[in-house]
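Take a look at the sequence and the fold below. Then read on for a short tour.

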Amino acid sequence: MTRIHLENIKMKPFHQPRFQTKDFLFESHERYVLIGPSGAGKSSLLKMLALLEPADVGRIHINDQLISCNHADLSVRRQIVYVAQQEFMISGTVLDNLLIGVRFRKGNKQHYTQKATQLLKDLGLEGYENKNPNHLSGGEWQRVAIARALILSPKILLLDEPTSNLDPFHVKKIEETVQAYCTENQALLVMATHNLSQAKRMATKVLFIYEGKILTSGDTNELLSNPKSEQLRFFLEWS
C-alpha cells in the first residue's frame, strides 16, 4: 500500500504560506479530491507531492522513506506522475508524446505502443496515434495528457483540474479510466477540481483547502452533506 505522510509542512512564498499542514496521511486505498477557492493552495500541494516544489519546513515520507525534493531516489520519482492544468506537448505525433516518458524504462517499444493504443481507445481517442498535437482541441489535449500519465504505471497519480475543458461525455471517459486504473493498480489518487459533482463521483475523501491550509477533511458524503466549517458551507452554497 502506498502512503504519503506530511509532517509540519510549510511552503512560504513572500509573506504568507502557500500551503501548510501539521499532519496528514494519504493512503492508496482512498481517493482524495481537493476542493476550495482559486488560489487556496491546491496546486501548491499537488506540486509538493509531485516533488516539483519543496516545502520550506517539515518532512515528507513516502512509504516510510524520508523524501527530499532535491534528492529523492529515481525509484521514488518514477512512482509519481503529475498532470498539470496546462500540459505541454513535444513536437511529433500523439504517439510520440505518449512514449516520451517510457524511453528509459524497462519494456520494449511494442509493449508500450500497444498500451498507448489501448489508453487512447479508453479515452475516446481511437486512431489518434499519428495526429499532430497542435491540431487537437483543448479537451483532446487533456485526454492525451491523461493517457501519457497512465502509460507510466504510476503508484501516485496527481491531477490538477484534469477535465476543465471537457464535455460531460468525455469527463465520464476520464473519470472511468482513472478510477479503473487506480482500483486495478492500487494507486494513490490526489486530484484537484472545482466540480463538486465530480468530487462526489471520484472521491472517497475530500480535503477543503482554504487560505493555504487543510481547513477540514473527511469522508466525501459526510463532509459535503454536513459541512463543519462556515467557510466550507459558504463555498458549497456558491459553487
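This report covers one helix, one hairpin and the nonpolar cores of a predicted model.

## Helix α1

Start with helix α1, which spans residues 42–49. Most of this helix is covered: 6 of its 8 residues are buried. They are Lys42, Ser44, Leu45, Leu46, Met48 and Leu49.

Look just past the end of α1. There, Leu51 has a positive phi of about 65°.

## The β9–β10 hairpin

Strand β9 covers residues 205–210, and strand β10 covers residues 213–219. The two run antiparallel, joined by 6 bridges. One pairing to find is Val206 with its bridge partner in β10, Gly218.

Between the strands of this hairpin sit 2 residues. Glu211 takes a positive phi here, near 50°.

## The nonpolar cores

In soluble globular proteins, nonpolar side chains tend to be buried together. The largest nonpolar core in this model has 48 residues. Six names stand out for touching the most other members: Ile35, Ile151, Leu157, Leu159, Val178 and Leu189. Helix α5 (residues 138–150) contributes the most to this core, giving 6 residues. Another core lies apart from it, with 31 residues. Phe24, Ile62, Ile67 and Ile80 are among them.

## Ile35 and its contacts

What does Ile35 contact, leaving aside its neighbours within four places in sequence? The list includes Lys42, a buried residue of α1. It also includes Val206, the β9 residue that bridges to Gly218. Other contacts of Ile35 include Leu207, Phe208, Ile209, Leu224, Leu232 and Phe235.

Terms used: Residues are numbered from 1 along each chain as its sequence is written. This is a predicted model: local features need pLDDT of at least 70, side-chain atom pairs count only at pLDDT 80 or more; totals for chains, interfaces and linings use all residues. Side-chain values use heavy atoms; hydrogens and water are left out. Buried means under 20% relative accessible area, exposed over 50%, partly exposed in between (1.4 Å probe, protein chains only). Helices (H or I, at least four residues) and strands (E, at least two) are DSSP runs, numbered from the N terminus. Two strands pair if DSSP finds at least two bridges between them. A nonpolar core is a set of buried Ala, Val, Leu, Ile, Met, Phe, Trp, Tyr and Cys residues joined through side-chain atoms within 4.5 Å. Contact means heavy atoms within 4.5 Å.
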